[in-house]
Every structure is written in C-alpha cells, then in structure tokens.
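Hi,

Here is the structure I promised to pass on. Have a look at it first, then read my notes below with the model open beside you.

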Amino acid sequence: MNVSRVAIIGFGTMGTGIAQVFAQSGFEVVAVDLSEELLRRGLETIVGGPFGLRRLVERGRITEEQMRETLSRIRTTTSLAEAVSSADFVIEAVFEDLEVKRRVFREVDAHAPKHAVLASNTSTLSITALAAATSRHEKVVGMHFFNPPQVMKLVEVVRGLQTSDETVELVKGLAERLGKVPVVCRDSPGFIANRVGVIAILEAVRLYEQGVASARDIDTAMKLGYNWPMGPLELADFIGLDVLLSIAEVLHRETGSPAYHPPPVLRRLVAAGYLGRKSGRGFYTY
C-alpha cells in the first residue's frame, strides 16, 4: 500500500514532532486535537520550537522555501472524523491512558477508510488491547517515536497479537522513509528501550533519594563511565517526571518486578509540580 496521507491524533509534544517529521518527508498531514488553541500552539511549536523549522533555517539545514512547503503540508482540525476520513495511515499520540486510547481507536476505526493502518505512539501500553477496540486487528501496530521525534533516530515497531506481517513491513518502510531506524518487537510492557532504560533511570533516582551522591555526580558518573550522552537524572527531567512516573507505574503493574516500583521522591516531585524541564524544575532547576 502506498501511504501519502497521514492523520495524527493529539497535537502535543509528541504529536507536533511526529507531524513535523512526516511533513518534512513529503507526506500530507492532518492533525487533530480538542481545541483550536491547542492546534495553534502546536503549529507555533513546529515553527518556532527548539527543534522547529525556524531553527533549521537558521542553522542552514533547510531553506525558507522548504519551511513554507513543509507547513503547507500540515492541516489542522478539531474533528477526528474529518482528520481520518481520507487517511492512509493514522498515528495516535494522546495521553498515556489505555481507556482514553481505546476510545480514540474505536472512533478512528469507525471513520477511517478500510485500507488505513492504525498506529499508536504509546511507550508502554498494549497494542493488542488497542487493536481489540477496532474491527481491523491485523492493521493495528505500535510506532513508538522517541522524544524529540525530529532528532531521535529510533522507532520501535510493535507487533500486536494479530498484527499482520504486511502491516509491520509497511511501518518499517515508513520509518525508513522518515530517516529513522526501525526495530521490531512483540507486544510486551515497555517494549525494548523503556523496558531496559527505565530501570537504570529509577535506580539513579534511588541513589539520589538515599543521598549516595548528588544528581550532578550521578549523571557525571554515567556520562563518563558508561558513555551516556545525557545522565539518567538529566534524562528524567527531559522526559518529564510525570511521564516517567506513569511509565514506571505501568511497568510495575504489568511485570510485577520491584525494579519498576516508583521511588517515593519521584512521586513527591510530581505532586509538587516539579516535572523537569517543562516546568522549570525537577532534579535540576532550569
């Protein structure tokens, strides 16, 4: 199947980045969110955000004309039915809540063309459970981008219980067209990267909580000792401590492993509104 029209459900941090990546690669994109204000802010991020098009022009990576062409390929709407009505490929990027996502998939399934493939950008939730909300189980797949999508090369392609080989190959091909590197895995909590990486981040949080070392020294140790480009606590702040807490809770519940049990200090920081870079304070002050 040839994919040329892409619908993106959710125009927040991940949705805007994914929309930009698809539009820069020549796809026609329709993005949907709950209000015109959210859509306006999303377009502003694509133009003027830290990984946006204006920054690429300033760095000589693209021309003004290429920026205008990219923006011309992005439309927005508050109507989900309108957004998906002619889509070849739909990618969901809403809040990490299984029931919310299942409602979205149910509605998308009712309005998208029969040939359309439905993907989720979920970082931890079950693709099989999302597929069960639709009538096209074989065309539901995970396509997990990493933040920021404009920069990060990895895309996890997640095969649900009934996802067809054809769908997996289609998404692998799409990822490559976007300049990404796809890896394929079965539907399992946390998939590959989060299943491994979150353990290391949570252990760093515990070291900090126990007073073993300062945040900066923990991060320095991992950057210089293990060649991490960013320390685990810096990375936690970048991801968002609320997002990290949500991922840890899902992995703890689904795997039963105590390694994923969220440390109390993580819960306290989130309760205080210290969410990392996006709030100006987390393990560090920004």
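Let's start with Lys223, which you'll find in helix H10. This is a predicted model, by the way, so please keep that in mind as you read on. Is Lys223 buried, partly exposed or exposed? Its relative accessibility is 27%, and because the partly exposed class runs from 20% to 50%, Lys223 counts as partly exposed. Setting aside the residues up to four places away in sequence, Lys223 is in contact with Trp228, Pro229, Met230, Gly231 and Glu234. If you want a far-off point to set against those, try Lys139: the two lysines are 84 residues apart in sequence, and their C-alpha atoms are 40 Å apart in space.

One of those contacts, Glu234, takes us to the next helix. Helix H10 covers residues 215–225 and helix H11 covers residues 232–239. Their axes come within 7 Å and cross at roughly 105 degrees. Angles from 65 to 115 degrees count as roughly perpendicular, so that is how H10 and H11 stand to each other. Which residues meet there? From H10 you have Ala215, Ile218, Asp219, Met222 and Lys223, and from H11 there are Pro232, Leu233 and Glu234. Sorted by class, this contact has five nonpolar residues, three charged ones and no polar ones.

Ile218 turns up again when you look at Leu207, a residue of helix H9. The C-alpha atoms of Leu207 and Ile218 are separated by 7.9 Å, with their places 11 residues apart along the chain. Leu207 touches Ile218, and also Val212 and Ala213, if you leave out residues up to four places away in sequence. With 31% relative accessibility, Leu207 counts as partly exposed.

Helix H9 has another partner worth a look. H9 (residues 193–209) and helix H13 (residues 264–271) have axes that come within 8 Å and cross at roughly 90 degrees. This pair is therefore roughly perpendicular as well. On the H9 side, Leu202, Val205, Tyr208 and Glu209 take part, and they meet Pro264, Val265, Leu266 and Arg268 of H13. This contact divides into six nonpolar and two charged residues, with no polar ones.

Now zoom out a bit. The chain is divided into domain 1 (5–186) and domain 2 (193–278), and the centres of the two, taken over C-alpha atoms, are 27 Å apart. Domain 1 puts 10 residues into the contact and domain 2 puts in six. Between them the domains bury about 630 Å², and 61% of that is on carbon and sulfur atoms. Which three residues supply the most of domain 1's share? They are Ser123, Thr124 and Asn147, which together make up 51% of the area that domain 1 buries against domain 2.

Ser123 is a good one to finish on. You'll find Ser123 in the loop between strand E5 (117–120) and helix H7 (127–131). Its relative accessibility is 9%, and since buried means under 20%, Ser123 counts as buried. Apart from its neighbours within four places in sequence, Ser123 is in contact with Glu96, His144, Gly190, Phe191, Asn194 and Ile247.

Have fun clicking around, and shout if anything is unclear.

Cheers

Key: Residues are numbered from 1 along each chain as its sequence is written. This is a predicted model: local features need pLDDT of at least 70, side-chain atom pairs count only at pLDDT 80 or more; totals for chains, interfaces and linings use all residues. Side-chain values use heavy atoms; hydrogens and water are left out. Axes are lines fitted to C-alpha atoms, for helices over the stretch in contact, and angles run from 0 to 180 degrees between N-to-C directions. Helices (H or I, at least four residues) and strands (E, at least two) are DSSP runs, numbered from the N terminus. Angles under 35 degrees count as roughly parallel, over 145 as roughly antiparallel, 65 to 115 as roughly perpendicular and the rest as oblique. Contact means heavy atoms within 4.5 Å. Ala, Val, Leu, Ile, Met, Phe, Trp, Tyr, Cys and Pro count as nonpolar, Asp, Glu, Lys and Arg as charged, and the others, Gly among them, as polar. Buried means under 20% relative accessible area, exposed over 50%, partly exposed in between (1.4 Å probe, protein chains only). Domain bounds come from an automatic or database domain assignment. Buried area is the accessible area (1.4 Å probe) that two parts lose on being put together, summed over both.
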